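Colleague: I am preparing a session for first-year students, and I would like us to take a close look at a single part of this protein and then work outward from there. Please take your time over the answer.

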Amino acid sequence: MIYLYLKLMRVPQWIKNVILFAGLIFSKKIFELPSLTKVCLAFLCFSLVASCQYVFNDFLDQKEDATHPEKKHRPLASGALDSGIALAITGVILPVALIGAYKLSPVFFYLTIFYLLFNMLYSKVLKHIVILDVMSISIGFVLRAIAGAVVIGVEFSHWLLLCTFMLALFWGFSKRRGEINILKTDAGKHRKILEEYSIEFLDLMMAVVATLTLVSYVMYTVSPETAKSLGTPYMVYTVPIVVYAVFRSLYIIYIKNMGHNPTKAILTDVSVLISGFIWLLLILFLMFGNISGQPPVLH
């Protein structure tokens, strides 16, 4: 039963909450133990709240998931786990996670509550409205980024928030495209909103948001505010890695046909993982390597 409940919680989806560490990294506090500890605890609390939301969603979507070729294997949709037991366990975990969030920071707690309520609104209303369904998911990622910053009392770059929003839109539209591609004519039976989309329309949306993602990240790296806050004017040298990651994502979606499951696509693609690791190392090197911001003197 424990295994089934952990499966219901979708622990691999916790990778989405890694963005909570962005504020820690870009505020140059990643090596400060108190701040690192606080963000790690915030990650745990936020992830548990998000998992509780997944349980509620699966409880509400049991009938639709039962007709999906992949989601029909979920514990509630398949009947492997009793709904009453799942809700009872969730009723214990959720209050504990929220109390932990409040102990960390009242502002973080309110953001977590807002995230939970917003997701309930998404489940009931927003996921049935074309375009807004994907935008709502993207707003959730922005909330994660802001939550990770406020828990340690630091500001977050507006350009980086915009980049986060656009990247989430990109993967959101890719998921819709993947679902239509897998379900074909049955797409509308599983999720009514899929009838409002087409492969051609989603291809256009993905091209637009992929471009905006790169533009917003480039603007972040060349911003004078970024150079001042990070102590280096050389963040622009991280752009090629981000460009590669976006292009690799397009390859995953169009060639490997894994756009319907972004989390699995990222976790199982070695190239994306390596590029992300190199990007992080370069970011840390530029911020903490004591590289002079002065241009070289030519003799």
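Is L183 buried or exposed, and what is its relative accessible area? Please begin with that residue, and then go on to the helix that holds it and to the parts around it.

Modeller: Before anything else, please keep in mind that this is a predicted model, so every statement below describes a prediction. The protein averages a pLDDT of 88, and 96% of the residues score at least 70. Among its elements, helix 11 (residues 199-222) has the highest mean pLDDT, 95, whereas helix 10 (residues 187-190) has the lowest, 70. Over residues 295-299 the pLDDT is below 50, and this stretch has zero contacts in the model beyond near neighbours in sequence.

Now to your residue. L183 is buried, because its relative accessible area is 8% and buried means under 20%. It belongs to helix 9, which covers residues 158-183. If we leave out residues up to four places away in sequence, L183 touches H68, P69, H190 and L194. One of these partners, P69, is 114 residues away from L183 in sequence, and yet the two C-alpha atoms are 7.9 Å apart in space.

From L183 we can turn to helix 9 as a whole, and to its packing against helix 8. The axis of helix 8 (residues 132-150) comes within 8 Å of the axis of helix 9, and the two cross at roughly 140°. Helix 8 and helix 9 are therefore oblique to each other, and the crossing of helix 8 with helix 9 is right-handed. On the helix 8 side, the residues that meet helix 9 are D133, V134, M135, I137, S138, I139, F141, V142, A145 and I146. On the helix 9 side, the residues that meet helix 8 are L161, T164, F165, A168, L169, G172, F173 and R176. Sorted by class, this contact has 13 nonpolar, three polar and two charged residues.

Helix 9 also packs against helix 13 (239-254). In this pair the angle is about 10° and the axes are 11 Å apart, and helix 9 and helix 13 are therefore roughly parallel to each other. Helix 9 brings F170, W171, S174 and R177 to the contact, while helix 13 brings S249, L250, I253 and Y254. By class, the contact of helix 9 with helix 13 has five nonpolar, two polar and one charged residues.

Helix 13 leads us on to D269, which is found in the loop between helix 14 and helix 15 (270-288). With a relative accessible area of 1%, D269 is buried. Its contacts, leaving aside neighbours within four places in sequence, are with R248, I252 and K256. S249, one of the helix 13 residues that meet helix 9, is 20 residues from D269 in sequence, and their C-alpha atoms are 9.4 Å apart in space.

The loop between helix 13 and helix 14 (262-268) holds N257. Most residues other than glycine have a negative phi. N257, however, has a positive phi of about 55° although it is not a glycine. N257 is partly exposed, with a relative accessible area of 41%. K28 is another residue other than glycine with a positive phi, here near 65°, and it sits in the loop between helix 2 (22-26) and helix 3. K28 is partly exposed as well, with a relative accessible area of 28%.

Finally, you may like to set these pairs beside helix 3 (residues 33-60) and helix 6 (residues 83-104), which pack at an angle of about 150° with their axes 9 Å apart. Helix 3 and helix 6 are therefore roughly antiparallel to each other, and their crossing is left-handed. The contact includes L41, A42 and C45 of helix 3, and among its helix 6 residues are A86, L87 and T90. By class, the contact of helix 3 with helix 6 has 17 nonpolar, three polar and one charged residues. Helix 3 also holds S47, which is buried with a relative accessible area of 0%. Not counting residues up to four places away in sequence, S47 touches W14 and N17. S47 and M9 are 38 residues apart in sequence, and 9.3 Å apart in space from C-alpha to C-alpha.

How values were computed
Residues numbered from 1 in each chain as written. Predicted model: local features only at pLDDT ≥ 70, side-chain atom pairs only at ≥ 80, totals over all residues. Heavy atoms only, no water. Axes fitted to C-alpha atoms, helices over the stretch in contact; angles between N-to-C directions. Helix = DSSP H or I, 4+ residues; strand = E, 2+ residues; numbered from the N terminus. Parallel < 35°, antiparallel > 145°, perpendicular 65-115°, else oblique. Left-handed = near helix turned anticlockwise from the far one by under 90°. Contact = heavy atoms within 4.5 Å. Nonpolar A, V, L, I, M, F, W, Y, C, P; charged D, E, K, R; others polar. pLDDT = per-residue confidence, 0-100. Buried < 20%, exposed > 50% of the residue type's maximum accessible area, 1.4 Å probe, protein only.
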